Amino acid sequence: MMSYPLVLAFIVFFVAVTIVVTWLTQKYTKSTSDFYVAGKKVPWVQTGIAMVGSYLSAASFLGCAGDISIFGVDRIWLSIGFFGGYMAVLMLIAGPLRNVGSYTVADALHRRFPDRRIKLVVMITTVVISTFYLVPQMLGAGLLFEMLMGWDFVTVTAALGVLMSLYIIFGGMKATIYNQLIQAMFLFFAMTFITVFGFIMYYSGSLDALLGAMANIVPPGICGKDAAAVAAVQSAVSPAAAVSVSREMLPAAPSALTIGIQTPDLVSQISTVVALVFGTAGLPHILIMFYTVRSASAARKSVTLCIVGLGIFYLCTILLGFILMPQVYPQLVTWIAAGKQGLAKNMAVLQISGKVGGQWLMAVSAAGAVAAILSTSAGLMITVASTISHDFYKSYINPNASERQEVNIAKVTTLVMSVISVVLAVAVKGENVAWLVTLAFGIAASAIFPAMVTTLWWKGLTRQGAIAGMVTGLVVSVLFIVLLLSGVRTFLGLPTAGGPGVFGVTASFIVLLIVSYRTDDRGPEVEEFFALAHKDEEVK
């Protein structure tokens, strides 16, 4: 295990900057509105860039390109799905949600259906989704430092948990947004720099040359499972020779452009895409950012800006996944053969960074990965803290709680969530970061999206239908995830390989519709609610 002082210096500097930002913004966090949504006064440009930082997690920076480098074209759906989800947010959610919500996702549903049970169900769902999303961030940080610096995995994840807690406790949403803004710009330029220079260095900027190489190469995920091919690859004198000998050993094997390697059935593929596209519109830590701007039109502008940034970023992840496959082929095959598939997927980007730009670019990439982890983790933690304090404590335990008491509960929740996420990260150390995040998308798509989109767009939705739909989506999605993690390949004849997406979303919509048609509580002021949700002028 090698030590990279420059890598450490970059990361320490970056962390120090975020701590300074937190310290500078703490004096502006005086009320619950300041703590939860930065006083709803953040300019739309800043929120749009911060949304990029919040969304570009370790799964995006490390996992997407890494997954493609292992299995090829079959895994580009992760990048496409992560990006495509924001189109659903822009068209269906952003403006109306900003108009009717206040601090949390539950507020929007509760405004139409003033029932405490709505807040309880959304709170439970938010905690489950955020936990599934937060754990991979901790996992990515631990693996990063373990590989680069030889540091203890548990110590690193615990330190990250402490740092995230400091963000939230002292700075609230304002510190989170400004840190996410800085981290987003760093992430964006790190990814585009690695991709552009790698493309020029290895393929002279020729897409034909890249595709030609991919049409011949045996994906490392296939080669790494054949002992004879692994031995031949490991004895090769160069990455190019390793790629060539792998094809000689496995002449009938599929190429990196072969569809169906990782997800062999169509239903599983569809399920993954459904989870990613509709899951984005159900992610609580993304949705609450719409409350930080002044109006519905500003929310839509923020999402539009975010979409442009994400489009460029995820195009780079697809290209980079193909670019790096041949260049770090022996290392990828060795990791796969040793049963370290998660390490191979999560660390491939750093490997190619070292080859393209040496220690300097590896340091930049490592700092970019840390930026992704910090920005997403902070957004997730403040989301959980706000829903526990505002939707549960304020609604169920102490309805007369002062703003100070409510914020204190949020801070305690942050500490508890940090401990839970560290423990779970240690438990799933061998898993791929991007794959774990996909499971969180599946829950969000199943439990939040159907109820949210019908609340904002369908006057026929009833209180009972919304609750039944959310509960059904949550139960079905968690059930499929438990079965998947337990190694169960099918359930009632349905494949679990693609996650809960299509099954949870379908079940939630069906139950929601049936119950709504059989009940009649559509909210006490449904017309007023829709008039408010779909107006464009500033809502304070």
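R75 and D67 join their side chains in a salt bridge, with N and O 2.8 Å apart. The model is predicted. R75 counts as buried because its relative accessibility is 9%, below the 20% cut-off. D67 is also buried, at 1% relative accessible area. The structure holds seven salt bridges. Aromatic pairs number eleven across the whole structure.

**Salt bridges**

- Side chains of opposite charge can pair when their charged atoms come close.
- K119 pairs with D107 in a salt bridge, and their closest N and O atoms are 3.3 Å apart.
- This pair links distant parts of the chain, with K119 in helix 7 (residues 116-149) and D107 in helix 6 (residues 105-112). Twelve residues separate them in sequence.
- Both partners, K119 and D107, are buried.
- K459 forms a salt bridge with E527, at 3.1 Å between the closest N and O atoms.
- That bridge also links distant parts of the chain, 68 residues apart. K459 sits in the loop between helix 20 (449-457) and helix 21 (463-485), while E527 belongs to helix 23 (residues 526-533).
- K459 is partly exposed because its relative accessibility, 39%, falls between the 20% and 50% cut-offs.
- E527 is likewise partly exposed, with a relative accessible area of 46%.
- A network of salt bridges connects D115, R117, R463 and D521.

**Charges over rings**

- K459 lies over the face of F530, 5.7 Å from the ring centre. K459 is also the salt-bridge partner of E527.
- R116 lies over the face of Y396, and its distance from the ring centre is 4.4 Å.

**Aromatic pairs**

- A pair of aromatic rings is described by the distance of the centres and the angle of the planes.
- The search for aromatic pairs covers the whole structure and finds eleven.
- For Y133 and F441, the ring centres are 5.7 Å apart. Their planes meet at 40 degrees, so the pair is tilted.
- The two rings link distant parts of the chain: Y133 is in helix 7 and F441 in helix 19 (residues 433-447). They are 308 residues apart.
- Y133 and F441 are both buried.
- Ring pairs join Y55, Y133 and F441 into a cluster.

**Helix 3**

- Helix 3 covers residues 44-55, twelve residues in total.
- From first C-alpha to last, helix 3 reaches 16 Å, close to the 16 Å expected at 1.5 Å a residue.
- Its buried residues are T47, G48, A50, M51, V52, G53, S54 and Y55.
- Y55, one of these buried residues, belongs to the ring cluster with Y133 and F441.

**Around L324**

- L324 lies in helix 15 (residues 296-327).
- L324 is buried because its relative accessible area is 0%, under the 20% cut-off.
- Beyond its neighbours within four places in sequence, L324 is in contact with A65, S69, L332, A348, V349 and I352.
- M362 is 38 residues from L324 along the chain, and the C-alpha atoms of the two are separated by 14 Å.

Methods. Residues are numbered from 1 along each chain as its sequence is written. This is a predicted model: local features need pLDDT of at least 70, side-chain atom pairs count only at pLDDT 80 or more; totals for chains, interfaces and linings use all residues. Side-chain values use heavy atoms; hydrogens and water are left out. A salt bridge is a side-chain nitrogen of Lys or Arg within 4 Å of a carboxyl oxygen of Asp or Glu. Buried means under 20% relative accessible area, exposed over 50%, partly exposed in between (1.4 Å probe, protein chains only). Helices (H or I, at least four residues) and strands (E, at least two) are DSSP runs, numbered from the N terminus. The expected span of a helix is 1.5 Å times one less than its number of residues. Rings of Phe, Tyr and Trp (its six-membered ring) pair if their centres lie within 6.5 Å; planes under 30 degrees apart count as stacked, over 60 as edge-to-face and the rest as tilted. A charge sits over a ring if NZ of Lys or CZ of Arg is within 6 Å of the ring centre and within 35 degrees of the ring normal. Contact means heavy atoms within 4.5 Å.
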